[in-house]
Amino acid sequence: MLSLHHNLGRRSCRYPCHLHHQRVIGRSLMIGRYFSSIVAASAMVFSRAAPSDAVELDERPLRESLERLAQAWNTADAVMWASEYWPEGESINILGGIMHDPAAIRDRHGEIFAGPFKGSHFESKVRRIQFAGADVAIVDADVRVTQFHALPPGIVATSPGVLLTRLKHVYQRRDGRWRISASQNTAVLPRLNASLPVGHQEPLQ
């Protein structure tokens, strides 16, 4: 009688018990891998959608440098402006003039701060920051200068009382400090806006 019940119990399993247990474990592993893949994919999506704290930290010294440049202009401090450049740093102004080192940059800005841009107000807005490796960054800023009494010969205001420029800096990091290796400033001509592509948003107007 015990033998009969034992045999019936064994027949009640559709598959041999050890195979049945293996199939259950296999399904559990497959389900676990499936949900793990969903979690991993979701994490990738959110990590791409959310701003990276590391990127923000990398950009901070560059943005702080731009703030110091604005402060230097608005306080007519040519020494402070030039101090943002490396010793071999070069700057090309809106007239195409080349200043080959910080001393030349300091002297020229001292002239314009005491001359045509005396008492003017300078503000800039970052348009783009691109890292070309760990220690090089290209920073594009849109500049708006107002409250000037005159402009250098050959330069015309973008609109009455407003001069807009596109300022590009190449920054390099050495020993943990970011400074400018090269700059180029380009004036925005009065009728340039008419030829801008559709969808372009003119900043600092």
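This section describes the fold, the nonpolar core, the internal cavity and selected residues of a predicted model.

The chain comprises 205 residues, of which 29% are buried. Its secondary structure amounts to 5 helices and 6 strands. Read from the N terminus, these elements follow the order α-α-α-α-β-β-α-β-β-β-β. Among the contacts with a sequence separation of 6 or more, 56% join residues that lie 24 or more positions apart.

The largest nonpolar core of the model contains 30 residues. Within this core, the residues with the most contacts are Trp 73, Trp 81, Phe 117, Val 145 and Tyr 171. Two or more core residues are contributed by each of the helices H3 (53-74), H4 (78-82) and H5, and by each of the strands E3 (121-131), E4 (136-146), E5 (162-174) and E6 (177-187). Helix H3 provides the largest share, with 6 residues. In soluble globular proteins, nonpolar side chains tend to be buried together. The surroundings of Phe 117 illustrate the packing in detail: beyond the residues up to four places away in sequence, Phe 117 touches Trp 73, Ile 112, Val 145, Phe 148, Leu 151, Pro 152 and Leu 163. Two of these partners, Trp 73 and Val 145, are themselves listed with Phe 117 among the core residues with the most contacts.

Helix H5 spans residues 102-114 and thus has 13 residues. The distance from its first C-alpha to its last is 18 Å, close to the 18 Å expected at 1.5 Å a residue. Five positions of H5 are buried, namely Pro 102, Ile 105, His 109, Ile 112 and Phe 113. These buried residues lie on the same side of H5, because they cover an arc of only 100° around the axis. Ile 112 also appears among the residues touched by Phe 117, while Ile 105 is in contact with Ser 91.

Ser 91 belongs to strand E1, which covers residues 85-92. Its relative accessible area is 7%, so Ser 91 falls under the 20% limit and counts as buried. Apart from residues up to four places away in sequence, Ser 91 touches Tyr 85, Gly 97, Ile 98, Met 99, Ile 105 and Ser 183.

The structure holds 1 cavity of 30 Å³ or more. The largest cavity encloses about 300 Å³ of space. Its lining consists of 23 residues, and those closest to the centre are Trp 73, Asn 93, His 109, Ile 112 and Asn 185. At least two lining residues come from each of E1, H5, E4, E5 and E6. Strand E5 gives the most to this lining, with 4 residues. His 109 and Ile 112, both named among the residues closest to the cavity centre, are buried residues of H5. Trp 73, also among those closest to the centre, is one of the core residues with the most contacts.

Helix H4 includes Met 80. The C-alpha atom of Met 80 is separated by 7.5 Å from that of Leu 69, a residue 11 positions away along the chain. When neighbours within four places in sequence are left aside, Met 80 is in contact with Arg 68, Gln 71 and Ala 72. The loop between H3 and H4 contains Ala 76. Although Ala 76 is not a glycine, its phi is positive, at about 55°. Ala 76 has a relative accessibility of 45% and therefore counts as partly exposed.

A positive phi also occurs at Asp 175, another residue other than glycine, where the value is near 50°. Asp 175 is situated in the loop between E5 and E6. With a relative accessible area of 86%, Asp 175 is exposed.

The segment after E6 includes Pro 190. Pro 190 is partly exposed, at 39% relative accessibility. Its C-alpha atom and that of Val 156 are separated by 7.7 Å, although the two residues are 34 positions apart along the chain. Residues up to four places away in sequence not being counted, Pro 190 touches Val 156, Ala 157 and Thr 158.

Notes: Residues numbered from 1 in each chain as written. Predicted model: local features only at pLDDT ≥ 70, side-chain atom pairs only at ≥ 80, totals over all residues. Heavy atoms only, no water. Expected span 1.5 Å × (residues − 1). Buried < 20%, exposed > 50% of the residue type's maximum accessible area, 1.4 Å probe, protein only. Arc of directions from axis to C-beta. Core = buried A, V, L, I, M, F, W, Y, C linked by side-chain atoms within 4.5 Å. Contact = heavy atoms within 4.5 Å. 1 Å grid on protein atoms, 1.4 Å probe; cavity = no way out; pocket = protein on both sides within 12 Å on 5 of 7 lines; lining within 4 Å. Points joined across faces, edges and corners; volume = space filled by probe spheres on them.
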